[in-house]
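Me: Please take a close look at one part of this model, the part where the strands pair. I would like the pairing set out in order, with the rest of the chain placed around it.

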Amino acid sequence: MSDHVYKKIELVGSSPTSIEAAVTNALSRAGQTVRNMRWFEVVETRGHIVDGKVDHWQVTVKVGFTLEQ
């Protein structure tokens, strides 16, 4: 295994559907400009309530990616 150096960024994804969709939205959008993404961790989950029901999910994720040589 070679030595890797990682950088972490923090993103907030959102979705009216689910927590998983909010994570996917964040990673998909970041993937348009960030190369070499390797892992993520969910650090915070929030939701918007309307009429006593979950209306929208917001998820904060930290994403690690390898630095280029």
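Reply: Two strands are taken to pair if DSSP finds at least two bridges between them. Helices (H or I, at least four residues) and strands (E, at least two) are DSSP runs, numbered from the N terminus. This is a predicted model, in which local features need pLDDT of at least 70 and side-chain atom pairs count only at pLDDT 80 or more, while totals for chains, interfaces and linings use all residues. Residues are numbered from 1 along each chain as its sequence is written, and side-chain values use heavy atoms, with hydrogens and water left out.

The protein has 1 helix and 3 strands, and from the N terminus these elements follow the order β-α-β-β. In space, the strands make an open sheet in the order β1-β3-β2, with antiparallel pairing. β1 (6-15) and β2 (37-50) are the edge strands, each of which pairs on one side only. From one strand to the next, the twist averages 15 degrees (angles run from 0 to 180 degrees between N-to-C directions, with axes fitted as lines to C-alpha atoms, for helices over the stretch in contact).

The pairing can be followed from one edge to the other. β1 and β3 run antiparallel and are joined by 10 bridges. Between β2 and β3 (residues 53-66), also in the antiparallel sense, there are 12 bridges. One residue of β3 links the two descriptions: Thr60 is the bridge partner of Val12, and Thr60 is also the bridge partner of Glu44. Elsewhere in β3, Phe65 stands opposite Met37.

β2 and β3 form a hairpin with 2 residues between them. Asp51 is in this loop between β2 and β3. Its phi is positive, near 55 degrees, in a residue other than glycine. Asp51 counts as exposed because its relative accessible area is 75% (buried means under 20%, exposed over 50% and partly exposed in between, with a 1.4 Å probe and protein chains only). A second residue that is not a glycine, Asn36, has a positive phi of about 65 degrees. Asn36 sits in the loop between α1 and β2, and with a relative accessible area of 27% it is partly exposed.

Next come the charged pairs. Side chains of opposite charge can pair when their charged atoms come close. A salt bridge here is a side-chain nitrogen of Lys or Arg within 4 Å of a carboxyl oxygen of Asp or Glu, and by this rule there are 2 salt bridges. One of them joins Glu68 and Arg35, whose closest N and O atoms are 2.6 Å apart. Because Glu68 lies in the segment after β3 and Arg35 in the loop between α1 and β2, this pair ties together parts that are 33 residues apart in sequence. Arg35 counts as exposed, at 54% relative accessibility.

The salt bridge between Arg46 and Glu44 also has its closest N and O atoms 2.6 Å apart. Arg46 is partly exposed, with a relative accessible area of 27%, and Glu44 is partly exposed at 40%. Glu44 thus appears twice in this account, once in this salt bridge and once as the bridge partner of Thr60 in β3.

The helix completes the picture. Helix α1 (residues 19-30) lies across β1, β2 and β3, and runs at about 130 degrees to β1. Ser28 belongs to this helix and counts as partly exposed, at 47% relative accessibility. Between Ser28 and Gly13 the C-alpha to C-alpha distance is 9.6 Å, and the two are 15 residues apart in sequence.

Some totals set the sheet in context. With contact meaning heavy atoms within 4.5 Å, residues 24 or more positions apart account for 62% of the contacts with a separation of 6 or more. The C-alpha trace spans about 50 × 20 × 15 Å along its principal axes. The radius of gyration of the protein is 14 Å, whereas a compact globule of 69 residues would have one near 11 Å (taken over C-alpha atoms, with the globule rule being 2.2 Å times the number of residues to the power 0.38). Buried residues make up 23% of the 69 residues.
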